[in-house]
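Dear colleague,

I am passing a structure on to you with this email, and below it you will find my notes on what turned up when I went through it. Please keep the structure open while you read, so that you can look up each place as it is named.

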Amino acid sequence: MSSTNTRLNPAPESGTSPGTSAGAAPPPAERTGTRELTGSRESTATRLTSNVGLPHAEQTGTLIAPLEAGELPNVAAIRGPRLDQILLLTTTALVVVIVGLLAALSVASTQSQFEETARRSTERIQEQARELGRTVGQTLALTSVTNLRDNNYAFLEGVAGSIVTTNPNILRVQILDPEGVVMADSEPKAAGAAESDAPTGRVAEQRLVQAFYRDQPVYEIQEPIDYGSSSGKGLVVISYSLRALQVQLEELERDKRETVRANTVRMLGLGLGFVVLAGVVAAFQSRRITRPLGMLTNKVMQLAAGDLGARTQAARGAGREVRTLGVVFNHMAERIKVLLDDVRAKAQLEREVSLARTVQETLLPGRDAVQVGALRIAGLVVTADACGGDWWFRAALDEQRVVIGIGDVTGHGLSTSLVATSATSGFASAMTLREPSEVNARMLITALNVTLANVGRGEHQMSSALAVIDVSTGVIDYAAGAHPSPLVFNRHSGQVASLPARGPLLGASVTSQFTSRDGQLRPGDIVVWYTDGLTEARDGGGRMYGTQRLAAAVQANAHLSPEALREALLADARAHSAGQPQRDDITVVVAEFSPA
């Protein structure tokens, strides 16, 4: 075996960072970034769930199933009128209100027309009475002047009586002197008593007033008579009957009542017809609209009951909104079916991932520290996803030698975890296929490369670092393939060194060649293996944790036990990330050589 002895604390060459040897192969390029570190579980591989949004393993077996029939809402308990009933009632009420308003308007218009006709008739009768009274009064005034001078009252009474006889609308004619004493009256009983009558108190002026004569309404028309008396003017008083006006007004009132009654009956008939017609149209339209809605409601209930094949037909004549609702429902039902299928597939995949993670955790060592002779070992894998691509291994070859291995498969997910699990199995198998005396770091990493190349078929590659340590002498045989060099802290000098080893990525080719190196651990030395997920953890500004801060954290916490030092390093990386999500798996393995 070609091997080379190497000091544990070589001085770094110019141009290299502390803790990294110039001859060491650089760590692989950043592949997935960083993710926030959290506390690990009691299992070996710790999965972060608070930031990545993935459910715990206990939740992956839950399927989102449709509602069962018993879980449906009790729609039978919903009370109230149906939509078609509401449409029918509102349409009928609207028609009744409109017809009622039209009827009231018709009655009001009819009454207004008759009142206007009555007003005009009254004005016409008044004008006729006024003209007749004026004409008769002027005629009497001219005729009565000489007779009044001569006190020929009999002639005046004859004239007054002839006027009443010839004109049926004139009920009475009186002639008064300036003192208001009746000189002549068409009433027979008043004849010859003019001198003895008391004055009436009428003023000799032209006017027309309403009064009653023999319980009949009349117009009293007064016309002054100037016959040259020194006492003033006389007066002619004509009582004009309003009987004709009353009869006309009564006829108008009867006509009005009959017209209003006829209009009311006609409007009621029309209203009833409109109500029936509107009810038929509203019932037809409401049925036309609500029937598709009822069918859609039934389909919604079927969908809620778990029938993902429920679809509705295109609603015809129900309006654009109802047709749109049907189209949207069918689309929504199809999307729900697709989403539930996706959920089931995802749940099935998560169960498989959970099983793979369980297998992976079973194959990985526990998080508790192990004491093998003078060597105490503690390691932990903190995965970024449900299954990680990091792994580590520890096993005793014989009573004096211990094998420690660490690896990082490129990528994440189920396939990566399976490759990591296969690598761990292959690593363990390589140890059992040969005699313990034949096992060394170069043989182990070569066997691991062949296993990975055959399993991954070139699609998956891995960085790895292996070490075979003699727990009695502290001799360490180590090899690596594109993996970060482990750090070595010596308690006596307080310095941090590295164990550099060259080698390509594992799994690229079965013919890849690897070399190993030998070193000497001194009492109190602490060896820290890690994957690049630790040093590439970034803070909010994008700055990486880095090897220098890791070396400083090792120096600051070197007084702790291996398991406590492991937790301190993870906590320091978590503090550096400051809440940023973890984007890559992190593995830390700490070994302390402390012979008695």
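**A buried alanine in a loop**

At a relative accessibility of 9%, Ala-482 counts as buried, because buried here means under 20%. Please keep in mind throughout that this is a predicted model. The place of Ala-482 is the loop between β13 and β14, the latter being residues 487–490. Its backbone also deserves a look, since the phi of Ala-482 is near 55°, which is a positive value in a residue other than glycine.

**The hairpin of β5 and β6**

A second residue of this kind is Arg-214, which has a positive phi of about 55° although it is not a glycine. Arg-214 lies in the loop between β5 and β6. Is Arg-214 buried or exposed? Its relative accessible area is 59%, so Arg-214 is exposed, the cut-off for that word being over 50%.

The two strands on either side of that loop are β5, residues 207–213, and β6, residues 216–225, and they pair in the antiparallel sense over seven bridges. Two residues lie between the strands in this hairpin. If you would like to trace the pairing yourself, you can start with Tyr-213, whose bridge partner in β6 is Gln-216, and then go on to Arg-207, which stands opposite Gln-222 in β6.

β6 has a further partner, for eight bridges join it to strand β7, residues 234–241, and these two strands run antiparallel. One place to look at in this pairing is Ile-221, which stands opposite Ile-238 in β7. Eight of the ten residues of β6 are buried, so this strand is largely enclosed by the rest of the structure.

**Strand β9 and its two partners**

Strand β9, residues 375–383, is mostly covered, with eight of its nine residues buried. It pairs in the antiparallel sense with strand β8, residues 370–372, over three bridges, and Leu-375 in β9 is the bridge partner of Val-372. The hairpin of β8 and β9 has two residues between the strands, and in it Gly-373 takes a positive phi near 60°.

With strand β18, residues 586–593, β9 also pairs in the antiparallel sense, in this case over eight bridges. Here you can find Val-382 standing opposite Ile-586 in β18.

**Helix α3**

Helix α3 covers residues 243–304, which makes 62 residues, and it reaches 86 Å from its first C-alpha to its last, close to the 92 Å expected at 1.5 Å a residue. Where in α3 does a kink lie? There is one of about 25° at Thr-290, shortly before the proline Pro-292. After the helix comes Gly-306, whose phi is positive, near 110°.

When you follow the helix on the screen, it may help to remember that an α-helix has 3.6 residues a turn, so residues three or four places apart point the same way.

**Two buried residues and their distant partners in sequence**

Ile-406 is found in strand β11, residues 401–409, and its relative accessible area of 0% means that Ile-406 is buried. Although Ile-406 and Thr-424 are 18 residues apart in sequence, they are 9.2 Å apart in space, C-alpha to C-alpha.

Leu-176, which lies in strand β3, residues 170–176, likewise counts as buried, at 1% relative accessibility. Leu-176 and Leu-148 are 28 residues apart in sequence and 9.7 Å apart in space, again from C-alpha to C-alpha.

**Cavities**

A search of the whole structure finds four cavities of 30 Å³ or more, and the largest cavity holds about 50 Å³ of space. The elements that give two or more residues to its lining are β12, residues 462–470, and β13, residues 475–481.

Which residues line the largest cavity? They are Ala-465, Leu-466, Ala-467, Tyr-478, Ala-479, Ala-480, Pro-486, Leu-499, Ala-501 and Trp-529. Sorted by class, this lining has ten nonpolar residues, with no polar and no charged ones.

With best wishes for your reading

Definitions and conventions: Residues numbered from 1 in each chain as written. Predicted model: local features only at pLDDT ≥ 70, side-chain atom pairs only at ≥ 80, totals over all residues. Heavy atoms only, no water. 1 Å grid on protein atoms, 1.4 Å probe; cavity = no way out; pocket = protein on both sides within 12 Å on 5 of 7 lines; lining within 4 Å. Points joined across faces, edges and corners; volume = space filled by probe spheres on them. Helix = DSSP H or I, 4+ residues; strand = E, 2+ residues; numbered from the N terminus. Nonpolar A, V, L, I, M, F, W, Y, C, P; charged D, E, K, R; others polar. Expected span 1.5 Å × (residues − 1). Bend = angle between axes of the 7 residues up to and from the residue. Pairing = 2+ DSSP bridges. Buried < 20%, exposed > 50% of the residue type's maximum accessible area, 1.4 Å probe, protein only.
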